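Subject: A structure for you to look at

Hi there,

Here is the structure I said I would pass on. Have a look at it first, and then read my notes below.

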Amino acid sequence: MSDHDTNPANDDELSLPRATVYKLIAEMLPKDIACAKDTRDLLLDCCNEFIHLIASESNEICEKDAKKTIAAEHVLTALRELGFEKYITEVEEAYDEHRKQQTKDRGRKSSKLSQLGMTEEELLRSQELLFAQARMRYQNQPASQEQPENNAVTPSSNST
């Protein structure tokens, strides 16, 4: 079976979200211009093919480099090799923006830890202590209270 065989079940898995692409098309067009459904579907197919082409070429470049993960450099090289040099600057800008956002998000996570007023080691010790206390409580329960069966009513819980 070739990559270009169409299977309706796989189309949705390997496709951009239809509603999102339709929304982007509507936002890009002037308000006085309508776009036929067939045209929107054709644009969606073109977008999917473009992404598939870039991903396939990036994967081949990745394999040539004996890597297992496609990196941004592989995508940029694929764009160059396929003749899409004019997109490289915009892709690099989007990638830089993405990296900045990732760094910012990591900073938020680490700042939450610092706002707790405890070091990571102190938090781990506290967690271990809580686990030990819970284990002791569980082990010290009388046998009749250890594992109540499926919603069974015990004499102490039936207080009517």
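Before we get to single residues, one term will help: a residue is called buried when its relative accessible area is under 20%, exposed when that area is over 50%, and partly exposed in between. Arg99, for instance, has a relative accessible area of 41%, so Arg99 is partly exposed. Please keep in mind that this is a predicted model.

**The overall picture**

The protein chain has seven helices and zero strands. If you follow the sequence from one end to the other, the pattern reads α-α-α-α-α-α-α. Of the 160 residues in the protein chain, 11% are buried. The accessible surface of the chain is about 13,800 Å², and carbon and sulfur atoms account for 54% of that surface. As for contacts between residues at least 6 apart in sequence, 32% of them join residues at least 24 apart.

**The salt bridges**

Side chains of opposite charge can pair when their charged atoms come close. How many salt bridges does a search of the whole structure find? It finds three.

Let's start with Arg18 and Asp41, whose side chains form a salt bridge with an N to O distance of 2.9 Å. Arg18 belongs to helix α2 (residues 18-28) and Asp41 to helix α3, so this pair ties together parts that are 23 residues apart in sequence. Is Asp41 buried or exposed? With a relative accessible area of 17%, Asp41 is buried. Its partner Arg18 is partly exposed, at 41% relative accessibility.

Asp41 also forms a salt bridge with Lys37, and here the closest N and O atoms are 3.0 Å apart. This pair stays inside one helix: Lys37 and Asp41 both lie in α3, four residues apart, which is about one turn of the helix. Lys37 has a relative accessible area of 48%, so Lys37 counts as partly exposed. Taken together, Arg18, Lys37 and Asp41 are linked in a network of salt bridges.

The other pair brings us back to Arg99. Its side chain meets that of Asp96 in a salt bridge, at 2.6 Å from N to O. Both residues lie in helix α5 (residues 88-115), three residues apart, or about one turn of the helix. Asp96 is partly exposed, with a relative accessible area of 32%.

**A nonpolar patch on the surface**

Which residues make the nonpolar surface patch of about 310 Å²? They are Phe50, Ile51, Tyr87 and Val91. You can find Phe50 in helix α3, which covers residues 37-64. Phe50 has a relative accessibility of 32%, so Phe50 is partly exposed.

**An unusual backbone angle**

Most residues other than glycine have a negative phi. Now look at Ala66: its phi is near 60 degrees, a positive value in a residue other than glycine. Where is Ala66? Ala66 sits in the loop between α3 and α4, the latter being residues 72-81. The relative accessible area of Ala66 is 67%, which is over the 50% cut-off, so Ala66 is exposed.

**Where to look first**

If you want a short tour, begin at Asp41, which is linked with Arg18 and Lys37 in the salt-bridge network. Then go along helix α3 to Phe50, and on to Ala66 in the loop between α3 and α4. Finish at Asp96 and Arg99 in helix α5.

Happy exploring!

Note on methods
Residues are numbered from 1 along each chain as its sequence is written. This is a predicted model: local features need pLDDT of at least 70, side-chain atom pairs count only at pLDDT 80 or more; totals for chains, interfaces and linings use all residues. Side-chain values use heavy atoms; hydrogens and water are left out. Patches are made of residues with over 30% relative accessible area and no salt bridge: like charges are joined within 9 Å, nonpolar side chains (Val, Leu, Ile, Met, Phe, Trp, Tyr) within 5 Å. Accessible areas come from the Shrake-Rupley method with a 1.4 Å probe; for residues, only the protein chains shown count as cover. A salt bridge is a side-chain nitrogen of Lys or Arg within 4 Å of a carboxyl oxygen of Asp or Glu. Helices (H or I, at least four residues) and strands (E, at least two) are DSSP runs, numbered from the N terminus. Buried means under 20% relative accessible area, exposed over 50%, partly exposed in between (1.4 Å probe, protein chains only). Contact means heavy atoms within 4.5 Å.
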